[in-house]
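Here's a quick walk through one protein model and the ligand that comes with it. Have the structure open as you read.

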Amino acid sequence: MSRNLENLVVYQIYPRSFQDTNGDGIGDLNGIRKRIPYLHKLGIDMIWITPFYPSGGKDNGYDIKDYKAIDPLFGTMDDFKNLVKEAKDHNIGIMLDMVLNHTSTLHPWFQKALSGDKEYMDYYFFKDKPTNWESKFGGSAWEYVPHLDKYYLHLFDTMQADLNWENEKVREALYDVVKFWMDLGVEGFRFDVINLISKPKEFKDVVIGDARDQYTDGEKVLEYLQMLNKNTFGTKDLVTVGELSSTTVENAASYVNPKNKALSTAFGFHHLKIDYKDNKKWHIQKPDYSALKSILRTWQDSMEENSALMALFWNNHDQPRSVSRLGDDINYPFESASMIASMMHLLKGMPYIYQGEEIGLPNAYFESMDDYRDIESINMKEILSETFSKEDVVQSLSAHSRDNGRTPMPWDHTKHYGFSTTTPWLKFSQHNNLQTVSDVLEKENSIFNWYQKLIDLRHTETIVSKGKVFWPEDDHESLLVYGRSYGDETWLVYNNLEDKAVSISFETLPQTIILSNYNRKELKSSMTLNPYESLVVKL
Ligand code: NOJ
């Protein structure tokens, strides 16, 4: 089935933390199936499920050791087939996560390589000498194998060895993986760090930086994507999204420009780095709103010029929760979460909602450093301790650890929040006023309700799905305003990014209020927006 890209809304599930049905404290595929009616009620069209394949367990599934099977932790192949069917019965498509930049070192290909098999060594990068590149999870990007007297490349954990896409056998084997899942009725794919697949011909030391400029958006990324498209999902017109690490707007546009026949959409991360001081993840600063405005504008404009679509998102399993990061999850939990949502959802592109976002789930607020489970956080705890004070390490992890986005879903107020019958693999968010799905569903004007409205607007209003985006002048730092226009219809979307009131004025009084998170009923030519107010009007 081919879906209309312009009005599609995707919901991301991190299976480990969504719903457990077999009492082991880890979510599973049957748990996702159980919650399909809930997702149907929300109104989404597709579910992206992060990896559930057998893995080395080092990076929660992103270290795959068998691409064509289900990790027993998450269920069986029959469970998967039943899930696809249940979703389809609710007109929801399934999008799978394809981790094609690297495999686990436990994958049979790597194991054969380790045994010295030359054919399989060429599936990866084995070199006599390492370069000074840094791994994204800290430490060197090369691991020494004494019995081979060689180093292999791992841009992530030591157990995630980078695949050599230059080798045709590797590409063919990966096409085969994608086709395997297509045959099982999958309707979309998310490609993990896909702009890292083209490595340089020569590996060189760098003088400054961690070396990401050496392997990001490599020469052949577009060509490899076009080959992948042609040999797999392109034949069925499926929905695809590429995760683009540290990309540029030009490269992103080229991967998603429809005329290039590569990907349908992509994730860029620049708008999330507005609270990184000097572009460093663990150095935190207050969000830079002028940077946010200029990034959103540049990316929207460039996508428009390329007739391309970006993915629209704030949250995923690698990010802190947007309500805690940009909003105020204590004093304005609904207002700030709803403003953050409409600011993103009413742009042009393909919106993604990450599990829990629709109930305003906040950060983890773990009390102890021992509560973290994420490999990056664990490594960083050590690395940061060398230069940061103990308090700064705690503060950095608490603000930016990936575990913020991975705490289990609190469904109701039964023991273990209805997530499991036992203690889960990771603690629930320790926020003082944790709202569960059942709390939120009971309220009339809830954040869940707000997401339903946003989804509905994308499904029913052509101006949201197809309209041009434009950027009126705004003279206030904490105000983000943009407009949409389609035919003779025009909307303005006002977002007050802070907890202080902001004045706005209209040149001509708008006709209608489309959305207001303060339940505003009247408009005046000059008005004051409340803390975190989001107001959408039709001119
Ligand atoms: C991006 C994924 O989202 C992240 O969770 C993972 O650790 C890296 N890619 C490596 O696969």
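The notes below start at the ligand and then move to a single glutamine. Keep in mind that this is a predicted model.

## Where the ligand sits

Let's begin with the site itself. The ligand sits in the largest pocket. Around the ligand you'll find 14 residues, and the closest of them are D59, H102, D192, H317 and D318.

What kinds of residues make up that shell? Sorted by type, the shell around the ligand has 7 charged residues, 4 nonpolar ones and 3 polar ones.

## Polar contacts to the ligand

Three of the closest residues are worth a click in the viewer. D318 places a polar side-chain atom 2.5 Å from an oxygen atom of the ligand. For H317, a polar side-chain atom is 2.8 Å from a ligand oxygen, and for H102 the corresponding distance from a polar side-chain atom to a ligand oxygen is 2.9 Å.

How much of the ligand does the protein cover? On its own, the ligand has 300 Å² of accessible area, and the protein covers 97% of that.

## A look at Q160

Now over to Q160, which lies in strand 8, a strand running over residues 160-162. Is Q160 buried or exposed? Its relative accessible area is 0%, and buried means under 20%, so Q160 counts as buried.

The side chain of Q160 has a polar partner too: one of its polar atoms lies 3.0 Å from the backbone oxygen of Y62.

Technical notes: Residues numbered from 1 in each chain as written. Predicted model: local features only at pLDDT ≥ 70, side-chain atom pairs only at ≥ 80, totals over all residues. Heavy atoms only, no water. Near = heavy atom within 4 Å. Polar contact = N/O pair within 3.5 Å; in protein donor to acceptor, adjacent residues only side chain to side chain. Areas by Shrake-Rupley, 256 points an atom, 1.4 Å probe, with all protein chains shown as cover. 1 Å grid on protein atoms, 1.4 Å probe; cavity = no way out; pocket = protein on both sides within 12 Å on 5 of 7 lines; lining within 4 Å. Sits in = over half its atoms within 2 Å of the grid points. Nonpolar A, V, L, I, M, F, W, Y, C, P; charged D, E, K, R; others polar. Helix = DSSP H or I, 4+ residues; strand = E, 2+ residues; numbered from the N terminus. Buried < 20%, exposed > 50% of the residue type's maximum accessible area, 1.4 Å probe, protein only.
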